[in-house]
Each structure stands twice: as structure tokens, then as C-alpha cells.
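Biologist: Could you walk me through this one? I would like to hear the reasoning behind each label.

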Amino acid sequence: MTKVRRWSGVAMLFAMAAAPLLIIPAEGQQLTDRAKQIGGKFMCMCGCSQVLTQCNHVGCTTSAGMLKELDQAVTRGDSETAVTQMFVQEFGTKVYAEPPKSGVSLIAWSLPSIYLALGTILVVFVISRWRKPPAARTAPTGNTPGVSAELLERARAQAARETED
Amino acid sequence: MDVFGSFALLLAFVCAVYAFAGGIAAILTRHPLLVKSTRQAGIATCCLVFLGTFSLEYLFFSDNFANAYVVSHSNRDLSTFYKIAALWSGQEGSLLFWSFILAIYVFSVLIAYRNKNGELMPYVGVVMAGVQIFFLTLNNFVVSPFKALAIPGANGTMQLVARGDGNGLTPLLQYPEMVIHPPNLYSGYTGFTIPFAFALGALLARYPGEKWIHLTRKWTMIAWTFQTMGILLGAHWAYAVLGWGGYWGWDPVENASLLPWLTGTAFLHSVMMQEKRGMMKVWNVWLVFCTFLLCILGTLLTRSGVVSSVHAFAQSSIGNWFVGFIVIILLVCFGAYVKNRDYLKSENQLDAIVSRESSFLFNNLVLLVACIAVLSGTLFPVFSEWFTGDRISVGAPFFNKVNIPLGLLLLFLTGVGPLLAWRKTSTESLKRNFGWPLAIGVLGGAITFALGFRQFYSLVCLILCVFVASTITMEFYRGAKVIRTRSGASLAASAIDLTMRNTRRYGGYIVHMGMVLIFIGLAGAAFNRDVQKEMQLGSTMQIGPYTLLLQSVDTRPEKNYTAERMIVEVMKNNKPMMMLYPEKRRFATTVENGTMVAIYSTLKEDLYVVYAGQSPDTQLPVIHAYLNPLVKWIWFGGVVVVFGTLVALLPNRRAVLVLSGAQQPVGQQLQHGLTPSPSVTMREGHD
């Protein structure tokens, strides 16, 4: 019986490890062309608040026009920077789907990392401040003279609470 | 009914002012009658808000087109079901609905604690009344939903008129989920008022730290559950109605709902530090304050037009009121904190770095960083315009790049945190708890990598999902095994028993398992595919293993709209499988069209078919098909999260003493010369 349990345990572990197999799509990721990749960095300017390549309004003249311009630029062999400049000149900075990694927009990109770094420093600082000095860690035993029954009871209650789960 | 509703709201405002001012007087004088009367004024406020809301709903049901709000958001042919939803479809009604949900919460709190916590409740009552005054001010004097329809008469005076029919409800809102999504989300937003009221009340009253935390926890969990359901239902609505193939677009309004959810989640974790160790008191108080402030900020973003969003209400000057309210809340919170911060000192210290306490600190850090990152990204266009004159958009690509790593870090902590012990975790314990889950996670990752799974974030996400799922399963297995050894029950029964003995802990694990399922679903987004094609009758399009054949097109007149329906046969590997019916709905009362997406959903993938409209050039129907892997896992995960939260809200089943000796008659025991000293056995019961 123990062996059966052990093997069933092992089988369960393997089943869990193989779980991703069930959820892997049968085919790999479809390759996107360069235009689609660049187009993913701009918004459709029709007001739908969707990324240019995702605007699904049939008959949306704005996205159709923008995609046409994009296709032409990519066919010409324009660089991504040139395409970006073209759209920004035409529509302004509202056309960005993500802020450019330069100038003032760099703040938007760097802020999350700064938050994380500062937060980590803060947490480490808090942990180091909260840590008991070595002397304080050697707690006196329950029978130490001078510890009142009330204090002991409170400590017991606290211990019970803390070990509840 | 117009006048009745309006009068009810006005009276509610007066009662709320009395509850607020009288409550302050009651705190200062400690007069028991004053305390009682202000509590009753609070209850009366709620009842009057209920009356006001029901009277507006009555106007919808009775097709009263003399009311301007009813004219703007309803029409005669609108089904009863959607006439309920019409209440919150516009600015005025949605703010009344906000007051309504808030009144339900306030009413529940005032009734539930009417004879308890006498020291604390007057403070809580004052804070709740303060929040109610703000919203009732808006309902009465800024955006009243009870405005009668009037036109200028010949002599220049305004004359009351009634229209024959209304403008109808926005087509996007005529979908079943829009009847349940906003109430859930509003219940989340408004629900955070209660923890806020308890936190601020406790701080003002210098109430002992642990007590308000105990009182607040379940209210926070209720609000958090509604917020979670609201967010997920909103995502599902966006998926099924907007027809863009996605469920989350990082729209400012979506972000606004996520912000208090993130800080609320952080609070639900850090609150354990205060309960168990008496630590992080200042942090918890400020987390609750921030969560409430973010709820109000979210409302400001949705209603003021500060940021552009497809979900937002019409642009209005109402934002100024919310800014003012936020400033007042900040000042009050800060003042209360400065005055009484001495009461928030930590009782304990940290014993070791590798401990449950540290993991909670890092969990809070990641949640807070995610929150601030989303907030700053959402507001960046506004700030960039202020400082540079140019409005720089921040869209989904930015939020994905920033938040995916944070999400994965959080997922990792979800697996690690619960397995670390309070105070200190030994190396042995680390090996015992993490050895197998880590091995299973790595094995899962190796298998998927070997199979050509190369998308970095999705691969990492799946490895972490396997790891976290393993840690949770092992926790259940270990606990259930101990119970099975003692009771002889099956493993499943033992697992249920285990859960019921400590609902909070194991309910929490179920919530974590739900989050794992949601992350699995999110990982699938990296493999989305789509094809769009103009289709003639009888033509086909291919997406993945599916072939779509446009069989015919029909038009179906319904009561409130006409549906133009595509009849699409789906074949898989050239074998007929099923029919799908994507449609466009053209409403008589509005120029906007509604989209009904046809979805064939399996655990592996969703085949998502949209009738996108007619091509302006060829007049042929355009079909847009998407193949979205693993989306169903998200909705299923959401159900598991809600289930886990409900389990965590249940009281623990407690071991009680039962005298088994009582089964044997005492006289019989005495005959055998036995002293009646019954053996003690344990029986389970609810507390």
C-alpha cells in the first residue's frame, strides 16, 4: 500500500510538471512583419484608443491611411526613427502608443525602476532596523524569577495567536 | 416621483449632515442619547437614499419621459433587464447608484455594530457620514438625476414637457454583463469606505491597534472580492462586446479600477503582520487611506475627462469637486496621523530576514510599485502636457513592458511567501518546503522549452505557475495527510476538513491558486493570432486549425434593434464542427451599432469571430477571426479567486470538547467501581 501511495505521489508530481503541455498552443507564434511590429508602437488616431495595428473599425479611414503610409515607409526601407518622426509630424506626440525612450518621456520609463529600487532599499532598511540585536534574541526562560504570572499569560496568549496558522 | 425622489435625497443630505455634526458633538460630550440619535440619523440617511434610488428606477420602469435623465438613457422598447442598468449608465444616475451602494454598506455597519464597540463606532459613524455628505451634495446640487425636461417657452420662461420616447441606452451597455459588472465594481469602490472609516475612526479615537484590524478585515475582503469580480466581469465584457479580441487594454478607466485593487491586496497581506506580530501599524493605516483615496481618484479620472478613455463619462466640471474631496481627505488623514502617531508603534521586531514577515514586506513593495507605475503611466499624458505642452500618450505596450516583470515577481512571491514560517525559517524547512515544488517547476519549464516554447515571459510565467501550484498542492496534501492519519477519512475529505479548520489560511491558498490560473491565461496572450477578410457567401478563411465558411447572412428584427447575423460554419481539419453567429445590432434610437462576438471557447484556446461590418469599397461582409490561447483559464481563475475569498470569509470550524464518557450511564460506571472521569475527545463545530 505504501509503495502504491509513493508511486501515485510520483505520478502526481510528474503530472503537475507536465501540466504546461496541456496548455501549450499547438503551433508556435506567428511571425509578424516589420510593419506590424513598428505599427504596434503607434495609436490609431481615430479616437478609438486602440493601437494602430489593432484598430478593428471596418471602414476606419484613419487607421487605413496610417497603415498605408506605414507600409509605404517600410517598403522604402525607412528606419523606425524616420517612421516615428513622420507620424509625430503628422499627428503630434499623441500618436505614441508608448512614450519614446528619450527626453521627458524617459521619466515615464525610468520611474518604475526607480520606485522598485527605492522601495527595495527602504524594505532592506526597515528589515535591518526591525531586526533584533543579538542580545535581545536570547529570551529568558519561562521560570526566570521576576516574570509575573500575568506577563507569562500574555506571552502564552500571544504565542497561541501567532502559531494559530 | 420626480419630486418624491428629489425630496428623499434632500432629506438624506440633511440627515447625513446631522449624523456628521451630531456625531462630532456626541464624541465631544459623550452623551449617550446624542450617540444614539446620530446613529439613527445615519440609518435614516441610508433609508432615504434607498427611496431616492428606487424612485429613479420607478421612473425608468414607468417610461416617464418628462425626466431628463430617463429620456437620455432609456426608451420604451428597452427591456426591463436593461432598464435596471440604465440607472447607472450616465453621470447623474451612476453617482446616485454610488450613494445607494454606500448606503447599503453604511446601513449594514450601523446595524451590525449598534450595540458593540461603543468607543469606536461614533468616530466610524462620523467618517461614514462625511463621505455620504460629499456624494449627497453631488446628488442634490451638482448632478441631480431628477431634473425635469423643460424647453424655453414663447414668453422666455422654461416650460415642462414630456417626450414620447427616449434616446435609448448606449448599445455597448446592452449586454447582460453590464447589468452585473458596474454594481460589482461600485460595490468594490464604495466598500473600501468602510475599512477607511474604521482606520480613520480608530486613529482619531486612539483605539487599540489590533481591534480595528479585526473589525475591518472582513469588510476589506468583501470590498476586495467585489472589486475583483468587477474587474474580471469588465474584462469579460470588453472581450465579448468590444470586438477587438482582447480583454484588457490598459485604458485609464481600467487602470483606475486596478489601483485600489492593488493597494487593497497589499493591505490584506500586510494586515496579517499587525494581527500576528503587532507590526506595520502605520503602514496598514496608510494603505487603507491610500486605497480609499485611489477609489476617489479613480472616480475623478472616470468622470472629469482629465484623461481620455472610451469608458469615461462625458467630460464635466465635476472633477473639481473630487479634487477638493481628495484634498480634504488627505488633510484629515495626515492631521489624524500626526496627532496620534504614537499609538501606532510596532510591538515586535523582526527575528530573521528569511521569514514570513519579510516576504510580506516584499509582496507589499511589488504591489505598491505596480500601483505607482500604473498610476504614473496613466497620469503621464496629463503631466507631459503640463510641463512640455505636448500630450504624450501612454498605451498598452508601455504598461505591458513595465508590469509583466512586476507581475511575475509577485507570482514568485505568491509561491514563496506562504511557505515561510513566521519569525524565522530554517534552512531545513526551506529545503523541505521548496525542494519538490522547485524541481517540478524547473521540470515543467524544461519540458516546455524542449517543445519549442521560446517566448521568454510566457515561459517564465508558466514555470512560476507550475511552481506556485505545486507549493499550494503540497500544503494541502501535507495538512490533509495528517488529518487522514488521525481520522481515517479520504484525502479529499481530509483536505476539506483541513480547509474548514483554518478557512482564512486555506481560503487564501485557494485564492492564490485562482491567481495562478489567471496568470496561465495571461501567458497565452503572447500567442494570439488574427486574420481579417472580406468574405463572399461560400468563401472560407483559415486560422490555425480552423476553417471558417460563410454560409449565409440573415437579418433578424428584435424589439429594440435589428440584428444582422453572419452564419459561419466552423471546420477543424476539414471536419464540420459547429456553427457560429457573429452579429451587428443596429438600434433604432441611436446611430451607434452593437457588436455580438461569437466565441468557441475551450481550455486550449478561444476561436473568436467578429462580424466587423461591411467593406466600404466592396460592400462585402468583413469577418475578423482571432485565435486566443488559454483565455478561458482567466475566467475560471476568477471564479476560483472569488470562491477562495468566500471560503476565507467563513468562520473557522473549531475543535470543541465533548465528554464521551457521558455516553455511558454514570450509575453503570459506579457499579464497576469507576470514578466518572470521562475521556475527552475532540469534535468539530463552528464558532
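Modeller: Happy to; we will take helices, bends, cores and then chain A in turn. Please keep in mind that this is a predicted model.

Biologist: How do you know that the span of helix α13 of chain B agrees with its number of residues?

Modeller: Its 33 residues, 356–388, should span 48 Å at 1.5 Å a residue, and the end C-alpha atoms are 45 Å apart, so the two agree. For helix α16 of chain B, residues 456–487, the expected span is 46 Å and the end C-alpha atoms are 46 Å apart, which agrees as well.

Biologist: Where is the kink in α13(B)?

Modeller: At B:F380, shortly before the proline B:P381, with a bend of about 50 degrees.

Biologist: What follows just after these helices?

Modeller: B:G389 comes just after α13(B), with a positive phi of about 90 degrees. Just after α16(B), B:G488 has a positive phi of about 80 degrees.

Biologist: What makes a set of residues a nonpolar core?

Modeller: The members are buried nonpolar residues joined through C-beta atoms within 7 Å. The largest such core has 198 residues, and B:A199, B:C465 and B:F519 touch the most other members. Helix α9 of chain B, residues 209–242, gives the most to this core, with 17 residues.

Biologist: Which residues is B:C465 in contact with, leaving aside its neighbours within four places in sequence?

Modeller: B:V516, B:F519 and B:I520.

Biologist: And how many helices and strands are there in chain A?

Modeller: Eight helices and zero strands. Of its 165 residues, 21% count as buried.

Notes: Residues are numbered from 1 along each chain as its sequence is written. Chains are lettered from A and ligands numbered from 1 in the order in which they are written. This is a predicted model: local features need pLDDT of at least 70, side-chain atom pairs count only at pLDDT 80 or more; totals for chains, interfaces and linings use all residues. Helices (H or I, at least four residues) and strands (E, at least two) are DSSP runs, numbered from the N terminus. The expected span of a helix is 1.5 Å times one less than its number of residues. The bend at a residue is the angle between axes fitted to the seven residues ending there and the seven starting there. A residue is buried if 20 or more other C-beta atoms lie within 10 Å of its own, exposed if 12 or fewer, and partly exposed in between; C-beta atoms are placed from the backbone. Two residues are in contact if their C-beta atoms, placed from the backbone, lie within 7 Å.
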